[in-house]
Amino acid sequence: MSRLLAPSQGWLFGPGVDLTVFAGSALISVLFVLAAPWLGAVGDTPLWAWVLFVVCVDVAHVWSTLFRTYLDADELRRRPGLYLGAPLAAYVAGVGAYLVSPKAFWTLFAYVALTHFVRQQYGWVALYCRKARASPAERRLDAAAVYAATLGPVVWWHANLPRDFWWFVEGDFLSGLPREAGTVALAVHAAVLAAWAGFQAARVARGEGVQAGKVLLVAATWVAWFGGIVVARDDFAFTVMNVLLHGVPYFALLFRYARGRRAEGGYGVGGALLRAGLPGFLLFLAALALAEELLWDWLIWHERSTLFGPSTLELPADVLALVVPLLALPQATHYVLDAFVWKPGREPALLSRLGWSPSGGVEGPPSGTRPVSAMAIPGGNE
């Protein structure tokens, strides 16, 4: 066993939490998909699954960014331009795209979201590399592996449109890519992942061991993306495998950050909300997510009257151009802010709040290397 594990594991949150939020999320999503026939969830996502996975995980994790930003008065005073400018810029861009056409809005939104999801997986791997003081060559190979695990299935998806599921709305991704491109993408993704696996095996053979957490993260990423896109045949399978691995680790990150920030004092509203611990944290986010979806259903979708009650309100097209980007603003702001707020190289206190500072037993990056962000999201430079 000692030959299998690296001398310093460099767990992000600790072995129990890492295994739960990364490998555990992927495993649970697989189990739900396998149990779908017995759960009555084959085909479209049933209401209970939509509430559990879309509302309480996907939408709620968007709102958890509040604990890093708008619920912290000191943070707002530190970067007022960012916290005022990000939602304003996102809203203006959204309205502009919607005025071009609703399809243009949803296509733009889908690709921004896709980029965010891909970059988040890279961010976790990059942080593992930071904590293990990985060599530049290993960091590049890890990056190639996670991009192969995500983008390979995505390119295949584009080459096999239409499917029985979509990112936001039907037809949001651009079609027209030849099917052969999808086959090539999967072949390249398999070759890159095989090279990465061979590198891990070579480490074990040399007696250096591997970072179990990082290996399981890459494996979980492949399971969620390949399984949720290439293997999946319906909306339920895609939804479950798409959101769990993305949202659950983010909850862990934000809750850990919020606890560290509260320990410093002066956290304000964010600290007060943490008095109820993890249950209170999650319930608060779920309530915000449910309120957001209620507005979407009343004003736009009119699809879930069983949950939200009937609504026959039909907004004119010019009003929709203002309302739809407004309802999407929490998610759009989340995408923009995550490109800026997880950069420990620019904010030394960030790592200590996460419990990852050198004084907490975590090694810093090797001399001469750039700091790696805790999360690498659209537009961010690690």
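**View 1. A nonpolar patch on the surface, made by L27, L31 and L34.** In this predicted model, these three leucines build a patch of about 310 Å². Take L31 as your landmark: this leucine sits in helix α1, which covers residues 15-34. L31 is partly exposed, with 48% relative accessible area.

**View 2. Helix α8 and its buried residues.** Start with the span of the helix: α8 has 27 residues, so at 1.5 Å a residue it should stretch over 39 Å, and its end C-alpha atoms are indeed 39 Å apart. Tucked away in α8 are G182, A185, L186, H189, L193, W196, Q200, R203 and V204, which are buried. And what do they pack against? The buried residues of α8 pack against α7 and α9, the latter being residues 212-231. A handy fact when you look at that list: residues three or four places apart on an α-helix point the same way, because there are 3.6 residues a turn. Past the helix comes G207, with a positive phi near 85°.

**View 3. A buried salt bridge between R203 and E138.** Stay with R203 from the previous view and look for E138: their closest N and O atoms are 3.1 Å apart. The pair ties together distant parts of the chain, with R203 in helix α8 and E138 in helix α7, 65 residues apart. Are these two buried or exposed? Both R203 and E138 are buried.

**View 4. T150, inside helix α7.** Here's another resident of α7. T150 has a relative accessible area of 0%, so it counts as buried. Who keeps T150 company, once you leave aside its neighbours within four places in sequence? T150 is in contact with V118, Q121, T221 and W225.

**View 5. R353 meets E264.** The closest N and O atoms of this salt bridge are 2.8 Å apart. Again the partners come from distant parts of the chain: R353 belongs to helix α16 (residues 349-353) and E264 to helix α10 (residues 235-264), 89 residues apart. R353 is buried, at 12% relative accessible area, whereas E264 is partly exposed, at 42%.

**View 6. R304 and E303, plus a wider network.** In the salt bridge between R304 and E303, the closest N and O atoms are 3.5 Å apart. R304 counts as buried because its relative accessibility of 19% is under the 20% cut-off, while E303 is exposed at 53%. Elsewhere, salt bridges with shared partners join R68, D72, D74, E75, R77, R78, R79, R261, E264, E347 and R353 into one network. The salt-bridge count comes to 17.

**View 7. Unusual backbone spots in the loops.** For background, most residues other than glycine have a negative phi, and most peptide bonds are trans. Now compare R133, in the loop between α6 (102-132) and α7, where phi is positive, near 55°. H302, in the loop between α12 (277-301) and α13 (305-308), also isn't a glycine and has a positive phi of about 55°. R133 is partly exposed at 39% relative accessible area, and H302 is partly exposed at 27%. Then find P162, in the loop between α7 (136-159) and α8 (179-205): a cis peptide bond joins L161 to P162, with omega about 0°.

**View 8. How confident is the prediction?** The mean pLDDT of the protein is 90, and 91% of its residues reach 70 or more. Over residues 358-382, though, pLDDT is below 50; this stretch still has 64 contacts in the model beyond near neighbours in sequence. Where pLDDT is low, the predicted coordinates shouldn't be read in detail.

How values were computed:
Residues are numbered from 1 along each chain as its sequence is written. This is a predicted model: local features need pLDDT of at least 70, side-chain atom pairs count only at pLDDT 80 or more; totals for chains, interfaces and linings use all residues. Side-chain values use heavy atoms; hydrogens and water are left out. Helices (H or I, at least four residues) and strands (E, at least two) are DSSP runs, numbered from the N terminus. Buried means under 20% relative accessible area, exposed over 50%, partly exposed in between (1.4 Å probe, protein chains only). Contact means heavy atoms within 4.5 Å. Patches are made of residues with over 30% relative accessible area and no salt bridge: like charges are joined within 9 Å, nonpolar side chains (Val, Leu, Ile, Met, Phe, Trp, Tyr) within 5 Å. Accessible areas come from the Shrake-Rupley method with a 1.4 Å probe; for residues, only the protein chains shown count as cover. A salt bridge is a side-chain nitrogen of Lys or Arg within 4 Å of a carboxyl oxygen of Asp or Glu. pLDDT is the predictor's confidence in each residue, from 0 to 100. The expected span of a helix is 1.5 Å times one less than its number of residues.
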